[in-house]
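User: I'm new to this one. Could you talk me through it, bit by bit?

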Amino acid sequence: QVELVESGGGLVQPGGSLRLSCAASGRTFNTYTMGWFRQAPGKEREFVATIRSNGGHTYYADSAKARFTISRDNANNWVYLQMNNLKPEDTGVYFCAAGRPILSSLRQAASYNNWGQGTQVTVSS
């Protein structure tokens, strides 16, 4: 298992930016696909973005395309989510996740078996 800890959430105005970070422990970080998911109040946890183990392929939810960027630093066991032009509908708890999904399942939360505790993102004026 890999332990994950998110940070960087907070309160921002619409149109603002946040950079979320996820610190991973262990020696196997570079073997995992890493993902970001979010859960809004009263809603199911939903896929936001994911990046393959070598950083060569990234995938985004339609709502995140052109606004969010996922990246990773395998040398130091970090994954990031840069969020720009934030909207109120981006509000929720953001979770970092690790797994080894096949291509057809990488957008599914059930494909990830390691999860952080979450960090709150609130977009409001």
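User: Let's start small: which residue in β3 is the bridge partner of Glu-6?

Analyst: Quick background: this is a predicted model, where local features need pLDDT of at least 70, side-chain atom pairs count only at pLDDT 80 or more, and totals for chains, interfaces and linings use all residues. Residues are numbered from 1 along each chain as its sequence is written, while side-chain values use heavy atoms and leave out hydrogens and water. Strands are DSSP runs (E, at least two residues) numbered from the N terminus, and two of them pair if DSSP finds at least two bridges between them. β1 and β3 (residues 18-24) pair in the antiparallel sense over four bridges, and in β3 the bridge partner of Glu-6 is Cys-22.

User: What is the strand order in the open sheet of four strands?

Analyst: The edges are β1 (4-7) and β7 (68-73), each pairing on one side only. From one strand to the next, the twist averages 15 degrees, using axes fitted as lines to C-alpha atoms, with angles from 0 to 180 degrees between N-to-C directions. The pairing is antiparallel, and the order is β1-β3-β8-β7.

User: And which residue in β8 is the bridge partner of Ala-23?

Analyst: β3 and β8 pair in the antiparallel sense over six bridges. β7 and β8 also pair antiparallel, over six bridges, and there Asp-73 stands opposite a residue of β8. That residue turns up here too: Asp-73 faces Trp-78, and Ala-23 has as its partner Trp-78.

User: Which residue takes a positive phi in the hairpin of β7 and β8?

Analyst: The hairpin has four residues between its strands. The positive phi, near 60 degrees, belongs to Asn-77.

User: Moving inside, which strand gives the most to the largest nonpolar core?

Analyst: A nonpolar core is a set of buried Ala, Val, Leu, Ile, Met, Phe, Trp, Tyr and Cys residues joined through side-chain atoms within 4.5 Å; buried means under 20% relative accessible area, exposed over 50%, and partly exposed in between (1.4 Å probe, protein chains only). This core has 27 residues, and those touching the most other members are Met-34, Trp-36, Val-79, Leu-81, Met-83 and Tyr-94. At least two residues each come from several strands, including β4 (33-39), β5 (46-51) and β8 (78-83). With four residues, the strand that gives the most is β3.

User: How many residues are in the second, separate core?

Analyst: Its members include Phe-37, Ala-61, Ala-97 and Leu-106. The total for this core is seven.

User: Now charges: why does the salt bridge of Arg-38 and Asp-90 tie together parts that are apart in sequence, and how many residues apart are they?

Analyst: A salt bridge puts a side-chain nitrogen of Lys or Arg within 4 Å of a carboxyl oxygen of Asp or Glu, and for Arg-38 and Asp-90 the N to O distance is 2.9 Å. Arg-38 counts as buried at 5% relative accessibility, and Asp-90 is buried at 0%. Arg-38 lies in strand β4 and Asp-90 in the loop between β8 and β9, so the separation in residues is 52.

User: Which residues make up the one network of salt bridges that share partners?

Analyst: The whole structure has four salt bridges. Glu-46, partly exposed at 36% relative accessible area, meets Arg-38 at 2.7 Å, N to O. Asp-90 meets Arg-67, also at 2.7 Å, and both of these are buried. Through shared partners, the network joins Arg-38, Glu-46, Arg-67 and Asp-90.

User: What kind of aromatic pair do Phe-95 and Trp-115 form?

Analyst: Rings of Phe, Tyr and Trp (its six-membered ring) pair if their centres lie within 6.5 Å; planes under 30 degrees apart are stacked, over 60 edge-to-face, and the rest tilted. Phe-95 is buried at 10%, while Trp-115 is partly exposed at 27%. Their ring centres are 6.4 Å apart and the planes sit at 80 degrees, so the pair is edge-to-face.

User: Last one: the charged end of which residue sits over the ring of Phe-95?

Analyst: A charge sits over a ring if NZ of Lys or CZ of Arg is within 6 Å of the ring centre and within 35 degrees of the ring normal. Elsewhere, Arg-19 lies over the face of Tyr-80, 4.1 Å from the ring centre. Phe-95 belongs to an aromatic cluster with Phe-37, Phe-47, Tyr-112 and Trp-115. Over its ring, 3.8 Å from the centre, sits the charged end of Arg-45.
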